[in-house]
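Me: I am new to reading protein models and would like a close look at a single part. Could you take me through one helix, step by step?

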Amino acid sequence: MNFVIAALLGIPGLLNIYGGITQQIPGDILSGLAALVYAVLLVRDALYIKKTGLPAIPQAKMLLIGFGCLAVYLIGILLKHS
């Protein structure tokens, strides 16, 4: 399931970064980076679970990291639309 969520976050994240670079919109770059960081973290965790059977990062810490990435994403959206 982590791979699916990572793909759903990573692909639009890459597109946001590309669009932000080509159109010089810092909000797109920031929101794309936030989505991409969390997607990479999910892939890392999924690979670790597949290897060991245990998550690499405890669920509480993963939740905090997810909220941090969400906050950065929302700041990027705010910058994009203001």
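Reply: Here is a walk along helix α3, from its length to its two sides and its salt bridge.

This is a predicted model, in which local features need pLDDT of at least 70 and side-chain atom pairs count only at pLDDT 80 or more, while totals for chains, interfaces and linings use all residues. Residues are numbered from 1 along each chain as its sequence is written, and side-chain values use heavy atoms, leaving out hydrogens and water.

Helices here are DSSP runs (H or I, at least four residues), numbered from the N terminus. With 22 residues, α3 reaches 31 Å from its first C-alpha to its last, close to the 32 Å expected at 1.5 Å a residue (1.5 Å times one less than the number of residues).

Now look at the inner side. M62, G66, C69 and G76 are the buried residues of α3; buried means under 20% relative accessible area, exposed over 50%, and partly exposed in between, with a 1.4 Å probe and protein chains only. Seen down the helix axis, they fall within an arc of 80 degrees (taken from the directions from the axis to the C-beta atoms), so they line one face. Their cover includes α2.

On the other side of α3, A60, L63, L64, F67 and L78 are exposed.

Finally, find K80 in α3, which pairs with D28 in helix α2, 52 residues apart. Their side chains meet in a salt bridge at 3.2 Å, N to O, the term for a side-chain nitrogen of Lys or Arg within 4 Å of a carboxyl oxygen of Asp or Glu. D28 is buried at 6%, whereas K80 is partly exposed at 36%.

Technical notes: Contact = heavy atoms within 4.5 Å.
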